[in-house]
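Hello,

Here is the structure I promised to pass on to you. Have a look at it first, and then read on for what turned up in it.

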Amino acid sequence: MSQLPYMLRETAGSLRKNVAMVASVVLVTFISLSFVGAAALMQLQVNQMTEDFHDRLEVSVFLCTDASTEANCPTGAVTGEQQETIEEMLDDGAASQYVESWRYESQEEALENFVEGREESVRAAALTPEDMPESYRITLVDAEEHPILSELFAGVPGVENVADQQEVLDQIFGILNGLTVVVVIIAAVMILCTVLLVSTTIRLSAFSRRRETSIMRMVGASKSMIRTPFLFEGIIAAVFGSLLACAATWVIAEFLLGQWLPTQVTGILFITGMDSFVIMPGLVLAAAGLAGLSSWITVRRYLRV
């Protein structure tokens, strides 16, 4: 323990002597771990969106209209008897065990929902209620069971088709996951640059202090006493860079995802700055671990004691 103050002084002196290289390690660590933090935030957002959308996932059972040509619609528009059969399936029949709740959407309501937000559309303005299908909007007990419900209603008389939002959601999540992979690849390249830069910094530091090292060996200093300040140097620089990356991660989560995007995109639950605190310990530990390992390998290879 008595050697610790000395090693800390040596580390502080070396940091002052190699300000430019240390600053480079800090900046590269900051940039690389910011990419890592951004990738982690994107994955958190994808997970939250998946959970939120699955909770709200609806299966839409569209009923036959006069213009329907499907085999299930031989008489054209759905009949009252066919609707009763469908509702019995939802309430007490084969589909009831999968259904949490359902609601009927009339042609007028369907047109109103379609036109909402499309007031400037010429196509929307030309539509009439008769152009829109009636439907049943079904919320499931377990969103993963939507294929079962689609199969149950696929051949029922009066049902034109069955649709759910899963295909659209899969496309959205596929894009987001693809972006996450790209960010992770960039982060991996930057982390490699950080490791190499830490190694180079420690090597140059060891070279500049070779005379002091020789004197310490002559007076009987232990290997750990000689090597530890170099390890501290790499770890401190990397950890400082990781703290800047933590700050950047919080800024992205709080202001971009938590405040700005909700005003631009409605209907999506975004993560906030509080969620970024889950990521921060991992960034700091990753920086300390990578820098420590890189420094340890470097001093063992280039610092002969």
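**Helix H3 and some aromatic pairs**

Please keep in mind that this is a predicted model. Let's start with helix H3, residues 80-91: at 1.5 Å a residue, its 12 residues should span 16 Å, and the end C-alpha atoms are indeed 16 Å apart, so the two values agree.

Which residues of H3 are buried? They are Gln-82, Gln-83, Ile-86, Met-89 and Leu-90. Looking down the axis of H3, you will find these buried residues within an arc of 120 degrees, so they line one face of the helix. This fits a general pattern: an α-helix has 3.6 residues a turn, so residues three or four places apart point the same way. On the other side of H3, Glu-81, Glu-84 and Glu-88 are exposed.

The cover over the buried residues of H3 includes strands S1 (58-63), S2 (99-105), S3 (135-140) and S4 (159-164), along with helix H6 (146-154).

Now to the aromatic rings, where the count comes to three pairs. One of them joins Tyr-104 and Tyr-136 in a tilted arrangement, 5.5 Å centre to centre with 55 degrees between the planes. This pair links distant parts of the chain, with Tyr-104 in strand S2 and Tyr-136 in strand S3, 32 residues apart. Tyr-104 is partly exposed at a relative accessible area of 32%, whereas Tyr-136 is buried at 0%.

Trp-250 and Phe-255 form an edge-to-face pair, 5.5 Å centre to centre and with 90 degrees between the planes. Trp-250 is partly exposed, at 30% relative accessible area, and Phe-255 is partly exposed, at 40%.

Finally, Trp-102, Tyr-104 and Tyr-136 make up one aromatic cluster.

Best wishes

Methods:
Residues numbered from 1 in each chain as written. Predicted model: local features only at pLDDT ≥ 70, side-chain atom pairs only at ≥ 80, totals over all residues. Heavy atoms only, no water. Helix = DSSP H or I, 4+ residues; strand = E, 2+ residues; numbered from the N terminus. Expected span 1.5 Å × (residues − 1). Buried < 20%, exposed > 50% of the residue type's maximum accessible area, 1.4 Å probe, protein only. Arc of directions from axis to C-beta. Contact = heavy atoms within 4.5 Å. Phe/Tyr/Trp six-rings, centres within 6.5 Å; stacked < 30°, edge-to-face > 60°.
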